Amino acid sequence: MMTAAENDLLCRVEGDAPMGQLMRQHWTPVCLIEEVAEPDGAPVKARVYGEDLVVFRDSDGTVGVLDEKCPHRRVSLVYGRNEEGGLRCLYHGWKMDTQGNVLEMVSEPAASGFVEKVKHKAFPVQEWGGFVWAWFGAADKVPPFTPPAWAPTQDTRVSVAKVLLPCNWAQILEGAIDSAHSSSLHSSDMVPARVDGAQATENSWLRPSTDKSPRLQAQRGEYGFRYAAIRRPIKDAATHDYVRSTVFVAPYSVLIPPNNLYNVANVNVPMDDTHTAFYFIAWGHPSKTPETATWRRFLRQTIGIDLDDRYRPLRNEDNRFWQNREAMKAGNFTGITGFPNQDVAMWVSMGPIANRADERLGASDLAIVEFRKQMLEAVKAVQQGESAIGTGSKAIPAEVCAYQAVIPKTTDWREHAVHYVWLDKVERAEELEPSYSVGT
């Protein structure tokens, strides 16, 4: 059980909130590259850590992330004209480039020199893995950008489903590290089968276990932690265990055990205290990883069908997430199509910020407890002047990875050798630097 003060410390990110200050020591995804793919295209509104932003790609193809409000009279630049190397405010014609330099002030006398005295707030930017990233920390302490574990190289296919949700980031992340819920909530989509390991089909993910009450064990690191959910396998239960090992990569990412074709991850970026940009990611070899449209169809997260044009879900509490009670009577466990939508219904039902003081946790919640303890400790460490969890020398080591496998009971899951799912497997893992991998 957490106190109200601890819950606020864990969840709140806006302004000077300690958790937000910790997160600002990491490069942060702002939006998808696809949202600003066109030079001189429409600007995009984004919100991160309670800051309202405008994102645009200029005439030369450079992406800028700026304070949304014009430095003149604080109107929104999202409505501005993206033209000839800069973003022009509609109100008085002030024009800013991707670095925040004010290029023109058509409403001011040219001789005044005022244009040289104003600088708009802009953030360092990097494009990688399908995302536009920005640095929200100290301007004089911008670290080199390091590719995330789920996009280790330029030739990795990264397919992303994006959904903007009206709830706090921590309750979403806790869902991703909660292996026990998948055996109930997702039981109609993650189906037990007599297979050697998790496999993907066009309609479901197969698992080699019917065990709904996994034994959990955790191993902490300076990057976060990894844990194992250990279940009885359908085959060879007397001599083997089915292990699903998940990795929490602080502050807001999770590497999820893969299937036989591709790797899986999610990223949960706080827009503010009560809204989150949830990204669900398939990544791996281009010949095996579903391309973006296919991935979104599989997840039931397609724009125009499941989401509006701003990535907001059409399923919500008002329409009960399109739950089909007749389908439930026919055998579907939740009556909600698309297993991320099943999660969303649970997360949103907790309220904007979950009240953790009233919870009753059990043995299956070990990873949840570890996440809360570690992140509260990490916040206090930053407050004492230490570098943030997962940064610099504390970054996730190459040998740490998520995996799923049926292994002998005599094998320690921490020592099981794994590599990420790739067409040529071990050879590829040895070739890449960094070689962080998710295994079979």
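1. A good place to begin in this predicted model is H181, which is found in the loop that runs between helix α3 (169–176) and strand β13 (190–192). Its side chain makes a polar contact, at 3.0 Å, with the side chain of D343. If residues up to four places away in sequence are not counted, H181 touches G175, H186 and D343, so that D343 appears both as a touching residue and as the partner in the polar contact.

2. The helix that precedes this loop, α3, also meets helix α7, and the axes of α3 and α7 come within 9 Å and cross at roughly 140°. The two helices are therefore oblique to each other, since an angle counts as roughly antiparallel only when it is over 145 degrees. The crossing of α3 and α7 is right-handed. On the α3 side the contact is made by W169, A170, L173 and E174, while α7 contributes I368, F371 and R372. Sorted by character, the residues of this contact of α3 with α7 comprise five nonpolar and two charged ones, with no polar residue among them.

3. Helix α7 (residues 366–383) has a further neighbour to consider, helix α1 (residues 4–11), and here the axes come within 10 Å and cross at roughly 75°. Because angles of 65 to 115 degrees count as roughly perpendicular, α1 and α7 are described as roughly perpendicular to each other. In this contact E6, L9 and L10 of α1 meet F371, R372, M375, L376, V379 and K380 of α7. The residues involved in the contact of α1 with α7 divide into six nonpolar and three charged, and again none is polar. A student may like to note that F371 and R372 of α7 take part in the contact with α1 and are also listed in the contact with α3.

4. According to the UniProt annotation "domain: Rieske", which comes from an unreviewed entry, the named domain covers residues 27–134. In the model, the C-alpha atoms at the two ends of residues 27–134 lie 6 Å apart, and the span is 0% helix and 40% strand.

5. Two details of the backbone deserve a careful look, given that most residues other than glycine have a negative phi and that most peptide bonds are trans. E84, in the loop between β5 (81–83) and β6 (86–88), has a phi near 45°, which is a positive value in a residue other than glycine. A cis peptide bond, with omega about 10°, joins A250 and P251, and P251 lies in the loop between β18 (240–249) and β19 (253–256).

Conventions. Residues numbered from 1 in each chain as written. Predicted model: local features only at pLDDT ≥ 70, side-chain atom pairs only at ≥ 80, totals over all residues. Heavy atoms only, no water. Helix = DSSP H or I, 4+ residues; strand = E, 2+ residues; numbered from the N terminus. Polar contact = N/O pair within 3.5 Å; in protein donor to acceptor, adjacent residues only side chain to side chain. Contact = heavy atoms within 4.5 Å. Axes fitted to C-alpha atoms, helices over the stretch in contact; angles between N-to-C directions. Parallel < 35°, antiparallel > 145°, perpendicular 65-115°, else oblique. Nonpolar A, V, L, I, M, F, W, Y, C, P; charged D, E, K, R; others polar. UniProt positions renumbered as here; feature names shortened; annotations may be inferred. Left-handed = near helix turned anticlockwise from the far one by under 90°.
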